[in-house]
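Here are a few exercises to work through with the model open in front of you. Try each one before reading its solution.

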Amino acid sequence: MDDFHILAFETSSTLCGVALLSRTGGRTRLRTAMHEGRAAHAERILPMAQDLLVQAGLGRGELTAVAFGQGPGGFTGLRVACGVAQGLAVALDIPVLPVDSLCAVACQGAGEDPAGVHVVLQDARMNEVYAAVYRAAGADWTTLQAPALLARADVAAWAGRESAGWGMQAGGGWTAHGDALAAFPGLDGELEALGGRIAAAAPQSAHAQAGTIARLAQRAWSAGRAVDAAQASPAYVRDKVAYTTVERAGGLGGNPQVDAAALTLHDMMPADVDEVAAIESRVQSFPWTRKNFADGLAAGYRGWVVRRMGAMLGFALVMDAPDIVHLLVIGVRPDAQRQGVGAHLLRRCIDHCRQTGLTALTLEVRPSNGQAIAFYRQHGFVQVGLRRGYYPALQGREDAWIMTLTLAADAA
């Protein structure tokens, strides 16, 4: 890799940290500085950065990129790190590397043997918790669930419901990290009862540190994930910290909570293919392969995934024909079935038909799959044909019913 100098800032907690990660002549060196005290972040951060540059014998103009911990965390602290990073990037005409602060906590807690799934739980104040889930494979980290906000009372139920999906990703158990484990007495015991392990990490590892932000930024730089300064922003997971006067007058009290049961729908992207193929392998006797899904997306097929709090629950993939949309494959994680996930996906497929001006949605289904046939009939599909010997079976081949939903009839 070419030489580089990455300056990183982390102010998502009471720690105000700066790090300078430099690679010159094949050698890498990390310099760090830290101050404890949230109120002094704005006045301390730039002098600490300048001290590190002086120690390294560098001028600001020699920086390759600037990184910052984007949170989640305290609003004021996040704005400090992001604002300073953006200002330097604009002044020096260099890119920015936003880094997930909770992933940094996972890295610190995992130590030298990070393999497996790592759940980060950070105290978000107001009896709430920031929650995120990551998978480590060697030096690479994958986000299984992006940072989200939970009520303290919902954490154990959330972990119990979603941990089946985490295990599917890693083939094993999971480890919990973060300052919420100490901030909320009894939380560690609730998680252990669900099969989670509690990390025995030093207290300072419970908050993201600038040195870890710098190392994660280096990986992002190598992967080409730098952004323009205008695109950098903090991760404000808590969009709303209090109800308005009008809302309170209407009877709302306390603080708004994120609905831990809410389903969200997203376009299927190449980065989703591993999770999609893993679900497919659990619900089909003769599943599509990862390559099948990747090739489909590359060919221009449209797909969607449903998530709850970041964890994937189901997916659908369609192909547009000249006068009809073909639903190629749809699947829902076994522990998420009968919760509205399939209906959510099917509605999106129908909306896609209407948006593209096509008049019908068609699919194939095994006659032996009574549950699926009942589901499709419930949503207006009717059998219009038969394909002989269409599906592979444990013994020989199985026919396929062709079922179609005509949108004119659906809209009537």
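**Exercise 1.** Where is methionine 126 found? Work out its backbone and its exposure too.

*Solution.* A word on the ground rules: this is a predicted model, where local features need pLDDT of at least 70, side-chain atom pairs count only at pLDDT 80 or more, and totals for chains, interfaces and linings use all residues. Residues are numbered from 1 along each chain as its sequence is written, and side-chain values use heavy atoms, leaving out hydrogens and water.

Step 1: methionine 126 sits in the loop between strand 6 and strand 7 (strands are DSSP E runs of at least two residues, helices H or I runs of at least four, numbered from the N terminus).
Step 2: its phi is near 50°, a positive value in a residue other than glycine.
Step 3: methionine 126 counts as partly exposed because its relative accessibility is 34% (buried is under 20%, exposed over 50%, partly exposed in between, with a 1.4 Å probe and protein chains only).
Step 4: check arginine 125, which lies in the loop between strand 6 (116–123) and strand 7 (128–137); it has a positive phi of about 65° and isn't a glycine either.

**Exercise 2.** Which peptide bond is cis, with omega near 10°?

*Solution.* It's the one from glycine 71 to proline 72. Proline 72 belongs to the loop between strand 4 (65–69) and helix 2 (75–92).

**Exercise 3.** At what angle do helix 3 and helix 7 pack?

*Solution.* Step 1: helix 3 (residues 101–110) and helix 7 (residues 210–222) pack at about 105°, with axes 9 Å apart (axes are lines fitted to C-alpha atoms over the stretch in contact, and angles run from 0 to 180 degrees between N-to-C directions).
Step 2: that makes the two helices roughly perpendicular (65 to 115 degrees; under 35 is roughly parallel, over 145 roughly antiparallel, the rest oblique).
Step 3: Ser101, Cys103, Ala104, Cys107 and Gln108 in helix 3 meet Thr212, Ile213 and Leu216 in helix 7 (contact means heavy atoms within 4.5 Å).

**Exercise 4.** Is isoleucine 330 buried or exposed?

*Solution.* Step 1: isoleucine 330 is in strand 14 (residues 325–332).
Step 2: at 17% relative accessibility, isoleucine 330 counts as buried.
Step 3: leaving aside residues up to four places away in sequence, isoleucine 330 touches Gln284, Phe315, Ala316, Gly342, Leu345 and Tyr376.
Step 4: compare glycine 331, also found in strand 14, which counts as buried at 5% relative accessibility.
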